[in-house]
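Me: Could you walk me through this one? I'm new to it.

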Amino acid sequence: MILLYADLHIHTTASDGSDTPGEVVKKALRLGLRAIAISDHDTLSGVTEAQQAATGFRLEVLSGVEVNTYFQGNEVHVLGYLIDPRNDEFVTKLEEFQGERLERTRKMVAKLRELDINIDLDRVLELSAGGSVGRPHVAQALLEKGYVSSLQEAFATYIGAGKPAFVPREKLTPVEAIQLIIRAEGVPVLAHPGLVKLDPFLTDLIEAGLKGIEVWHRNHTPLMVDHYYHLAQKYHLIPTGGSDYHGVGHDTCNILGGAVAPYQSVQLLKAAAGKN
């Protein structure tokens with residue numbers, strides 16, 4: 001029996017990844033993956049390019065997006081799968097997110113200048129390559145100028161939550177993100193739950209419409225995988241998974257296929273979206 005696998009959490013140059021969508025497809029084909037999902041932060045713009053690159057090959061490319069939300073002072077990510085990229089409400093909301101990201105980046109650059117750390121906003125935007133600009137691009141600019149020795153140090157010292165140049169985002173809640181994805185006929189999934197500790201509130205998210213939970217993730221320990229697989233079974237959630245790939249230039253999550261889900265997860269997502 002041939003086992004088929006899917007990497008359902010991948011970032012590209014459309015947000016904070018270092019590989020283009022086409023490059024991701026080439027790597028996925030070399031790995032023999034059966035399906036991938038392009039799930040960039042607050043944008044669907046990399047999906048079409050990846051799907052075109054996969055034309056003629058035995059590789060499914062699912063549309064995906066990772067929406068950043070906040071709950072009780074913590075950042076919580078919600079993945080949305082199989083969303084129609086032409087859904088007007090969703091596209092409009094993503095455009096609002098892009099504007100918020102740009103304004104947040106401007107404020108961070110200004111705060112860094114107050115600390116006598118001078119990076120250029122235009123350079124940060126260049127590093128984003130026209131995609132979703134955010135803290136990872138600020139971190140890259142800090143690394144380029146020699147203010148830090150790694151991307152992780154940039155977050156730990158300057159732009160992580162509670163650090164001197166941190167600027168919070170607009171407060172979209174997980175429930176609001178779930179409902180937004182559902183209205184766009186997508187399937188909402190809680191990303192890397194082992195990193196956000198939302199177990200006591202999981203039933204609230206399910207009542208709001210949550211359909212899946214990311215069981216297999218690059219930063220989940222074997223105990224976490226077992227725990228969240230059990231919760232998926234208990235609450236009839238779709239177990240998904242992926243590497244959270246950001247490219248080889250990143251300190252972490254830099255191995256495509258480093259965590260995968262069985263292809264059955266793709267089939268379950270399609271069934272939930274009514275797209276079998």
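What follows is a short round of questions and answers.

Reply: Heads up: this is a predicted model, where local features need pLDDT of at least 70 and side-chain atom pairs count only at pLDDT 80 or more, while totals for chains, interfaces and linings use all residues. Residues are numbered from 1 along each chain as its sequence is written, and side-chain values use heavy atoms, leaving out hydrogens and water.

Me: Is strand β3 largely enclosed or not, and how many of its 12 residues are buried?

Reply: Strands are DSSP runs of E with at least two residues, helices are H or I runs of at least four, and both are numbered from the N terminus. Buried means under 20% relative accessible area, exposed over 50%, and partly exposed in between (1.4 Å probe, protein chains only). Strand β3 covers residues 60-71 and is largely enclosed by the rest of the structure, because the buried count is 11 of the 12.

Me: In which sense do β3 and β4 pair?

Reply: Two strands pair if DSSP finds at least two bridges between them. Here β4 spans residues 74-81, and Phe71 has Asn74 as its bridge partner there. With eight bridges, the sense for β3 and β4 is antiparallel.

Me: And in which sense do β2 and β3 pair?

Reply: Ile38 stands opposite Ser63 in β3. Over four bridges, β2 and β3 pair in a sense that is parallel.

Me: Is Ser39 buried or exposed?

Reply: Ser39 sits in the loop between β2 (35-38) and α2 (47-53). Its contacts (heavy atoms within 4.5 Å) include Leu8, Gly64 and Leu79, not counting residues up to four places away in sequence. Its relative accessibility is 0%, so Ser39 counts as buried.
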